[in-house]
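Trainee: May we go through this structure together, with the reasoning behind each term set out step by step?

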Amino acid sequence: MKNFIILFLLLPVLALGQVKKIGSPNIINYPKVVYKAGTQNWNCAQDPDGFMYFANNYGLLRFDGLEWKLFHVSPTSPVRSLCIDQEGTIFVGLDNDFGIFDPYAAGGPIFKSLLHKLPPDIQSADVIWKVYNTHYGIVFQSFSFIFVLKDGEINVIRPQKAFHYSFYVNKRLFIHEPGIGLFELTNGFVNKVAGTEDLKDKEILSIISFYENHLLIGTARNGWYEFRQGILAKWDVPVSHQVEKDIMFCATTLEGNNLAIGTILNGVIIANSDGTIIQHLNSNNGLQNNTILGLHNDKSGNLWLGLDNGIDYIELNSPLTYISGAEGISTGYCCAIFKGILYLGTNRGLFAKPFDASSRDESSKFKLIRGTEGQVWSLKELNNQLVCGHNFGIFVIDEYDAHLINDKLGTFTFISLKEDSSYFIAGNYSGLSVFRKVGKQLKYKCKIKGFAEASRFIVEDENGNFWVSDGTKGVFKVELNEELDSVLNVKLYGKQHGLPTAYQNILLTINKSWYISAIDGLYVYNSLTDRFEKDKNINMFFDLDGQMKNIKQDEDGNYWYIEGKGASVSRRNDDGTYTKITSPFMQLQNKLVRNWEFLYVHGNENVFIATENGFAHYSSRIVSSYNQSFKSFITQVDVPYLDTVFYANFEKNTVNLPFRKNELRFKFAAPFYQNPEQVEFSYYIDNYSESWSSWTRDNYRDLSNLHENKYVFRVKARNSFGIESEEASFTFIIDPPWHRSTLAYFFYVLLLISIGLIVLWVIQKRFEISKQMEQKKHQEYLLKKEREHEQKSILAEKEIIRLRNEKLKDEKLYLDKELVNQTLHNVNKNKFLMKINQELKLVSDDTKDGAVKTKMVILRKRINKEIDNHQQKEIFDSHFEAVHSDFFDRLKEQFPQLSPKDIRLCAYIKMNLSTKEIAPMLNISERGVEINRYRLRKKLGLSRDINLSTFLLNL
């Protein structure tokens, strides 16, 4: 019991390293046009982070699962060899050079040659074909020297003649010198390995070991040798005989004590520790090239091939393998295992091959069964016979022969009757037909009348009714007569009967019960209501992700089914519960034949699934871990404006970037190589994102126009199995623009302080001004009051002046009136005196008395003296100037051409004297006054329409 428990616990571990024998593993080809470098790839290695590196003719290639990157190590030499230590340091060998390559240097990838550490007598290092990370140090091996790098110093090991290749196995370094023998490096000395003398002339290309004190030594053309406990013997096994023909070039051990051998002529051979060939992969079944230059078993147990032209990835550690076009198989539609033969139905016909799950016969190939060329729809075992539904009709298959029993009806499928299994109903392109087994022969009976619909799916219910569908029109319920030759009743069920649609309705049988698989789940027929109803229990049990297309149950009660775009299995646990598993089948997404999905279960270990390129085979014996942890990496950060690139593992914790035109492109990767096209990424940016982004298959993210702040760009990945990676991050700071920089803020603070001081000063000044304004307002108020008082005084004064002026005006009018009156008085007086004077003259002339005459003369003189015009003029002028003092000034200033007589006339006119009154004043006639007025108008330049009196009054 103890041994059984130990074996049970070890079984998953042993299964993890098994290599399948049925079908070929998934192979991904990476040709030169994809990785864009040289054709030859000499070596492969994987760093601690999971990145794959390849020694290529053009340099060092790196692959992250999505993108290839070529590092140019030397302008003249290809990279011949490489190894990576536990810290991730990359050591490379070139033609006449070797050293350390750092892809993550701050200034960009750089190669650091170690030639300067060699002794002066070594002029050429030769081609470095091998590099190993050993407990002795890093070993670089060429045909001329072995260089051991340790603690920064190089120890040189020289050959007796010339080295061929070296091998590091079980912490032992072996070196082969052609013609001399096999040596081992021990404590710094090269010692010959006793018992291997027969190998001195053999071309040793590989030494491996499955356990301590046991070596397998591979030669190019002489096969394999076994060296155990000091005894050398030929390893007489199938794989040794095979490599003698194919010429071995390299080899490596695989998990589970298996061996991978790269050949020159015929691809890669995978064998177990007993030397039995498990797989032989070449250009006929998936490889790009038959010459294998390098092998590497990665952390996931899968195999990388460096080819003479290209790179290939072989997914060994997977329960899925493929039977495809490499074996002549095209699009798969159905399959069956019957009497030890595997039959595959394709669009090109029915192929057959002996099936033995426990062995692999390399000589057996799939054969096309003659007569079945064309579309094969179904294969079913009926009454111990294998029946094939075909485009041409129905065939009965007898090993590798096909017998056509009906050539008129293209047939999709068939079922046996429940009551009589010797009868079966076939679903044809245009209806149903009946066949019967008579003895050992299958005979065509008839075509059922009354139903002519395409019949791709058929089930028989408990009442003997047949339910038929082709997936496009709904579901037909067909009731047959007892003779099975005609239809009694047909009813079509669609949306009006509970189904979600009239199309895509598939008839499935689960646990002897039949269901309709519609686009939104499984439906069951309710005979009481004559409707279809969704079965909550079975839908909950399967937890479908899309429509169920096909389902099978194996011997252990596990359910295998196709849903949506992929396959799943509900495994039965020991307690009777079920666990749904989808991870192993993620690789099949988008590879199944749409609308013709098919799977076949044989026993409890073999599941066949039809694909667009043949068939996938799933073995439950192969246990693969789908929850392996992996990492995400930010491989590169491009800053176009600065023409700067930051690489992964950049040493600085934080990068400062200018605000101006800040644009960044983050490139990221997650080295996961199983279904790499299905790896998805999600990212989050501290101080920018509200939540993690939705999953996307883009492996880059562009950012631009970021505000100044500290940011952390985070990214994680999710592989095809739903496992999320560790998070990667890159911290950077967007510096503020100059007007928001620290120095600017310092100046802003100074400016604010200055402004504050200015504001305080202004406030103080405003306070002082306000105070002054208040004082001024008070003063103005006082002044205003004073002015008001003054104005009142002035008004009073003006009133007094007005009154005075009015008085003066009145006085003036009075004086003018007095002047006029006095003048008129003088005129009248002069007239009177002149009249008296004339009368006195008459009297004097009439008298003879001399005394009288004398007295008359004296009297006349006195009268003439009284009527003196000059005196009158002076009196008038003095009175007129007293009243109109400025009139003469203005008149003389404006009209200097006026004579005194004109001025006097103007004064008389201004006084509003008439011509008759003016004439005596001027001592002229009235006619003379008119003439003088006319002359005055001319001197004043007055037109006829201007009144002379008005003009002078306004002057």
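Mentor: Certainly; let us begin with Lys 661, which is exposed, with a relative accessible area of 51%. Please keep in mind throughout that this is a predicted model.

Trainee: Why is Lys 661 called exposed?

Mentor: The term exposed applies over 50% relative accessible area. Lys 661 has 51%, so it is exposed. Lys 661 is placed in the loop between β59 (654–657) and β60 (663–669).

Trainee: What is the phi of Lys 661?

Mentor: Its phi is near 50°, a positive value in a residue other than glycine. Most residues other than glycine have a negative phi.

Trainee: How do you know that Asn 511 counts as partly exposed?

Mentor: Partly exposed lies between the limits of 20% and 50%. Asn 511 has 48% relative accessibility, and therefore counts as partly exposed. Asn 511 also has a positive phi, of about 55°, although it is not a glycine. Its place is in the loop between β46 (506–510) and β47 (513–518).

Trainee: What makes strand β25 largely enclosed by the rest of the structure?

Mentor: A residue is buried under 20% relative accessible area. In β25 (residues 277–281), 5 of the 5 residues are buried, so the strand is largely enclosed.

Trainee: Which strand pairs with β25, and in which sense?

Mentor: Strand β24 (residues 268–272) pairs with β25 in the antiparallel sense, over 4 bridges. Within this pairing, Ala 271 has Ile 277 of β25 as its bridge partner. The hairpin of β24 and β25 has 4 residues between the strands, and Gly 275 takes a positive phi near 90° there.

Trainee: Why are β38 and β41 said to stand at the edges of their sheet?

Mentor: The open sheet has 4 strands in the order β38-β39-β40-β41, with antiparallel pairing. β38 (411–416) and β41 (441–447) each have a single partner strand, so one side of each is left without a neighbour in the sheet. From one strand to the next, the twist averages 30°.

Trainee: How many bridges join β39 to β40?

Mentor: Strand β39 (residues 423–428) and strand β40 (residues 431–438) run antiparallel and are joined by 6 bridges. One of the pairs has Asn 428 with Gly 431 of β40 as its bridge partner.

Trainee: Let us turn to the helices. Why is α9 called roughly perpendicular to α11?

Mentor: The axes of α9 (residues 900–910) and α11 (residues 926–940) come within 11 Å and cross at roughly 100°. Angles of 65 to 115 degrees count as roughly perpendicular, and that makes α9 roughly perpendicular to α11. By class, their contact has 4 nonpolar, 1 polar and 4 charged residues. Among them, Leu 905 and Ile 909 are on the α9 side, and Arg 933 and Leu 936 on the α11 side.

Trainee: What makes α8 oblique to α9?

Mentor: The axes of α8 (residues 887–894) and α9 also come within 11 Å, but cross at roughly 130°. This angle lies between 115 degrees, the upper limit for roughly perpendicular, and 145, over which angles count as roughly antiparallel, so α8 is oblique to α9. The crossing is right-handed.

Trainee: Which residues make the contact of α8 with α9?

Mentor: Phe 887, Phe 888, Leu 891 and Lys 892 of α8 meet Ile 903, Cys 906, Ala 907 and Lys 910 of α9. These residues divide into 6 nonpolar, no polar and 2 charged.

Technical notes
Residues numbered from 1 in each chain as written. Predicted model: local features only at pLDDT ≥ 70, side-chain atom pairs only at ≥ 80, totals over all residues. Heavy atoms only, no water. Buried < 20%, exposed > 50% of the residue type's maximum accessible area, 1.4 Å probe, protein only. Helix = DSSP H or I, 4+ residues; strand = E, 2+ residues; numbered from the N terminus. Pairing = 2+ DSSP bridges. Axes fitted to C-alpha atoms, helices over the stretch in contact; angles between N-to-C directions. Parallel < 35°, antiparallel > 145°, perpendicular 65-115°, else oblique. Contact = heavy atoms within 4.5 Å. Nonpolar A, V, L, I, M, F, W, Y, C, P; charged D, E, K, R; others polar. Left-handed = near helix turned anticlockwise from the far one by under 90°.
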